[in-house]
Each structure stands twice: as C-alpha cells, then as structure tokens.
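Please look over the sequence and the model below before reading on. The paragraphs after them go through the structure part by part.

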Amino acid sequence: MDEEYDVIVLGTGLKECILSGLMSVSGKKVLHMDRNSYYGGESASLTPLKELYEKYGMGDPPSTMGNGRDWNVDLIPKYLMANGRLVQLLVYTNVTRYLEFKSIEGSFVFKTNGKIYKVPATDKEALSTSLMGMFEKRRFRNLLVYIQDFDENDPKTFKGIDPNKSTMREVYTKFGLDSNTIDFTGHALALYRDDAYIDEPCIETIKKIKLYSDSLSRYGKTPYLYPLYGLGELPQGFARLSAIYGGTYMLNKPDCDIVYGENGQVCGVTSDGETARCKMVISDPTYAKDKVKKVAQVARAICILNHPIANTKDALSCQIILPQNQVNRKTDIYVCCVSSTHQVAAKGFFLAIVSTTVETDNPEQELKPGLDLLGKIEQKFFSVSDVYAPVDDGTKSQVFISTSYDATTHFESTCVDVLDIYKRATGEDFDFSKMKHNTEDEGQQTQN
C-alpha cells in the first residue's frame with residue numbers, strides 16, 4: 001500500500017466503482033479501498049436473506065421464506081433506462097459481458113382516485129389509455145407526436161416553441177393539457193421528482209420524455225431494465241473493469257483517513273498505520289464527513305410479498321410512481337417490485353420497495369399511500385437514510401465526493417453525478433466514443 005497512485009477511490013458503491021473503472025481505462029494508476037468486506041456500500045445486495053434480517057435486528061428469517069441463498073436484496077433498488085446513460089456506460093466499457101439483464105414488465109402511475117394506470121408513452125397508447133377522457137387523450141397524443149418529431153437541430157420541428165426559452169408550462173398550455181395529464185407527463189415520463197421544472201426551459205423535459213420513449217422502443221413493455229441477481233452485480237462489474245486495467249482493490253480497510261498537504265490539497269490516505277500517496281481522491285460521503293452537508297432524508301421500506309401487486313396484471317416486476325400532487329406532497333413516492341424472475345427472491349416471493357424524500361417527523365407514515373398498494377405484507381424493513389452532498393466542487397482540495405442516493409427508482413440522477421465528478425476531476429467531459437475504442441482494442445466480447 002505504501003506507494004503513489006494517481007487516484008485513490010474510497011467506497012465501493014456504484015458511483016465510486018464506475019469512476020474507478022473509467023479512471024483505470026483512461027490510464028490512471030488507481031487504488032480502490034473500502035472499510036467493508038463486501039462491494040456495494042450503500043447500494044449493496046444482501047445475500048443470504050439472513051443478512052437482511054440481521055441488518056434490521058430481526059433475528060433469523062422464517063423457514064417459510066425458502067432457501068436464504070435464493071435472495072439478493074438490494075438496499076437501494078433502482079432500474080436502468082434501456083437507452084439511458086448507465087446502459088451507455090455499460091455498453092461502451094463492455095461491462096455488459098459480466099451482467100445479464102431482464103426488462104421490467106410494468107410501468108404505472110397513481111391517481112387521486114386510488115387506482116394505478118399503465119403509463120402511456122406512445123401515440124397509440126395515448127388513445128387507448130383509461131387514464132384520461134377522450135378529448136384529453138387527443139391533446140396528450142398531439143404532445144407526444146410533437147416530442148417524437150422534435151429535433152433540436154431542426155428549427156422547423158419547433159412549431160412556434162423556442163426550446164431554450166419557452167417554459168414547459170407554456171408547452172402544456174399550447175397543447176391544452178389538464179393538471180392530471182401534466183402530473184403524469186412530468187413525473188412518470190420525464191421522471192421529475194417535483195414541479196420546479198415547469199417554469200424552466202422546455203428543452204430538458206423534451207429530452208427526458210424522448211429518452212423514456214426511446215428506451216421503451218428498445219424492449220417493448222417498459223423502458224426499464226434490471227440485472228439478474230440484483231444491483232450488487234453492477235459495482236462488481238466496474239470493479240473488474242478497473243482490475244483489468246491495473247486497478248488495485250483493498251477491502252476490509254478500517255479508518256481510511258484522507259491526508260492533506262500544507263496547501264490544503266490531498267496528498268494521501270492513511271489506513272492501518274500505512275499511507276498511500278496520491279494526487280486525487282474520489283470518495284463517497286461517509287469517508288469525508290467534514291466536506292459534506294446533510295441536504296435531505298430518504299425513507300425506504302423493503303417489503304417481502306408472496307403475491308404480485310394488485311392491478312398490475314400480475315406483473316412479476318413493475319414500477320409505480322405516485323406524483324406529488326396526487327398524494328398531497330411536495331415530492332413523489334416510488335414503488336418498485338421485483339421477484340424470482342430476476343433471481344432476487346425465492347420462488348413465489350416478491351420484493352417491493354417503497355421510497356420517498358422525508359417531509360415530516362413521521363417518515364414511515366409518509367410511505368403509507370405506496371404501502372397501501374402492496375396488499376398483504378409478509379415482512380417489512382423500514383429505514384431512514386440521510387442524503388449528503390459535498391460542500392464544494394473539490395477542485396481546490398482534489399477530493400471529489402459523490403452525493404448520497406436519492407429516492408428515485410431509476411439511475412439517471414446517479415449518472416449525472418458520476419459524469420459531473422469525472423468532468424471536475426479530469427477537466428474534460430467523458431468521451432463515450434474514445435471509451436468504446438479503448439475497450440474494443442482489448443478484444444473483449446460483449447454478451448447479454
């Protein structure tokens with residue numbers, strides 16, 4: 001350990017493992033350390049099931065839960081958008097060769113009447129959905145057709161809307177959409193967590209809705225993918241990538257203390273009385289508590305079911321978004337459900353996770369609208385996690401810290417953070433095309 005590295009990465013969460021892999025591929029000498037004996041950090045998958053029960057102080061699981069090793073329970077479950085940034089990273093780095101994915105069967109949105117509806121994402125679905133009345137269907141379809149035809153490089157497709165100046169509120173008004181349609185468009189298609197986007201330029205929202213429909217067109221049922229055996233496979237895949245390019249991994253390293261020089265810039269990391277020297281540190285928030293601030297809390301309930309969620313057509317996996325206005329909140333509630341079809345639960349069982357950003361002093365009660373959709377729950381594991389963000393951009397100290405994971409059930413915000421850290425750390429945007437060239441030179445074959 002007593003040598004010099006270009007980069008030391010602290011924590012083996014997904015963000016840190018992606019960055020470790022990218023830095024290694026770009027020719028940097030990387031040391032990757034974690035205080036735990038397992039990969040994944042906050043985003044780990046727990047197996048066997050006994051580990052989950054022990055983590056929440058519940059003793060041993062009942063024998064009725066089947067073979068404990070059939071369970072791989074994600075502490076922070078999230079889906080991948082089929083055409084999203086994380087899938088692009090997986091493809092361009094060839095990490096797909098370590099993983100196998102399966103699509104999520106259903107994508108639903110909740111209305112104040114207590115019912116859930118399939119999210120309509122194409123002009124055909126817009127006309128057949130029961131989510132809205134006949135005239136509203138046509139207005140919504142017109143919006144989808146406009147977005148599908150939109151090309152930011154072709155002003156002819158703007159049709160009187162300036163994508164960089166016109167707000168999304170103006171777009172909704174132009175197409176005459178009602179408040180319910182606006183709700184599910186912004187939250188279940190564009191995947192915003194609140195309504196701040198409505199008064200911002202519409203270009204980003206248009207791109208987000210196009211991403212949803214493009215992802216949907218790749219596999220058909222929904223735009224979402226999930227790896228077999230859970231998300232724990234993702235950080236390990238990027239860790240293998242780093243190792244192929246010479247990265248060094250050390251688990252079970254206690255008390256990883258960041259060391260600074262007289263100029264306030266990082267010069268190394270000390271653990272077990274040894275110091276590894278470095279020019280830069282990339283870290284999760286738990287290793288640099290003096291450089292982060294608490295910005296929110298996330299409430300999560302991991303629930304074991306022995307039945308599919310009602311009104312999902314017995315889907316073996318699904319996502320349900322409860323938009324803020326439909327449940328009288330400032331932020332959305334998310335439900336994601338997976339099962340033995342993804343090799344994360346024993347046969348006949350389902351894992352449903354409900355999450356939201358905490359707004360009151362009774363966070364478990366805040367999850368109730370989502371929990372009520374699940375039906376009978378065999379076992380519930382409730383927790384509240386603090387969300388931390390770095391206090392500065394890290395360029396002065398050369399310590400770059402990721403933000404904690406939010407309440408969403410998709411990885412788009414995670415990738416935004418990863419690519420932002422990469423740019424701050426290297427001074428340049430991540431070049432996907434260069435990455436593809438490098439990994440192809442290795443002669444590795446991608447397989448799904």
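The text that follows deals with helix packing, two single residues and salt bridges.

The structure is a predicted model. A good place to start is helix α7, which covers residues 179-189. Helix α7 is mostly covered, since nine of its 11 residues are buried. These buried residues are Thr181, Ile182, Asp183, Phe184, Thr185, Gly186, His187, Ala188 and Leu189. What lies over them? The cover includes the helices α5 (134-149), α6 (168-175) and α8, together with the strands β7 (106-110), β9 (224-227) and β15 (318-322).

Thr181 serves as an example from this helix. Thr181 is found in α7, and its relative accessible area is 1%. The cut-off for a buried residue is under 20%, so Thr181 counts as buried. Setting aside neighbours within four places in sequence, Thr181 is in contact with Met132, Glu136 and Phe140.

Helix α8 (203-219) is part of the cover of α7, and the packing of the two helices can be described in detail. At what angle do α7 and α8 pack? The angle is about 70 degrees, and the axes are 9 Å apart. Angles of 65 to 115 degrees count as roughly perpendicular, and α7 and α8 are therefore roughly perpendicular to each other. Their crossing is left-handed. On the α7 side of the contact are Thr185, Ala188 and Leu189, which meet Lys208, Ile209 and Tyr212 in α8. Sorted by class, the residues of this contact are four nonpolar, one polar and one charged.

Helix α8 also packs with α5. The axes of α5 and α8 come within 10 Å and cross at roughly 95 degrees. These two helices are therefore roughly perpendicular to each other as well. Here Leu144, Tyr146, Ile147 and Gln148 in α5 meet Ile206, Ile209 and Lys210 in α8. The contact has five nonpolar residues, one polar residue and one charged residue. Ile209 of α8 takes part in the contact with α7 and in the contact with α5.

Another part of the cover of α7 is helix α6, and Arg169 has its place in α6. Is Arg169 buried or partly exposed? Arg169 is partly exposed, with a relative accessible area of 43%. Apart from neighbours within four places in sequence, Arg169 is in contact with Ile198 and Asp199. Met280 gives an idea of distance: the C-alpha atoms of Arg169 and Met280 are separated by 43 Å, and the two residues are 111 residues apart along the chain.

The next topic is charge. Side chains of opposite charge can pair when their charged atoms come close. How many salt bridges does a search of the whole structure find? The search finds 23.

One of these pairs is Arg193 and Asp406, whose side chains meet in a salt bridge at 3.4 Å, N to O. Arg193 lies in the loop between α7 and α8, whereas Asp406 lies in the loop between β19 (399-401) and α12 (412-426), so the salt bridge ties together parts that are 213 residues apart in sequence. The two partners differ in accessibility: Arg193 is partly exposed, with a relative accessible area of 37%, while Asp406 is buried, with a value of 11%.

A second pair is Arg277 and Glu4, with the closest N and O atoms 3.8 Å apart. This pair also links distant parts of the chain, as Arg277 is in strand β13 (residues 274-283) and Glu4 is in strand β1 (residues 4-10), 273 residues apart. Arg277 is partly exposed, at 38% relative accessible area, and Glu4 is partly exposed too, at 39%.

A third pair lies within a single helix. Asp420 forms a salt bridge with Arg424, and their closest N and O atoms are 3.1 Å apart. Why do these two residues sit about one helical turn from each other? They are four residues apart in helix α12, which means a separation of about one helical turn. Asp420 is partly exposed, with a relative accessible area of 37%, whereas Arg424 is buried, with 19%.

Salt bridges can also share residues. Lys50, Glu54 and Asp60 are linked in a network of salt bridges.

Note on methods:
Residues numbered from 1 in each chain as written. Predicted model: local features only at pLDDT ≥ 70, side-chain atom pairs only at ≥ 80, totals over all residues. Heavy atoms only, no water. Salt bridge = Lys/Arg side-chain N within 4 Å of Asp/Glu carboxyl O. Buried < 20%, exposed > 50% of the residue type's maximum accessible area, 1.4 Å probe, protein only. Axes fitted to C-alpha atoms, helices over the stretch in contact; angles between N-to-C directions. Parallel < 35°, antiparallel > 145°, perpendicular 65-115°, else oblique. Left-handed = near helix turned anticlockwise from the far one by under 90°. Contact = heavy atoms within 4.5 Å. Nonpolar A, V, L, I, M, F, W, Y, C, P; charged D, E, K, R; others polar.
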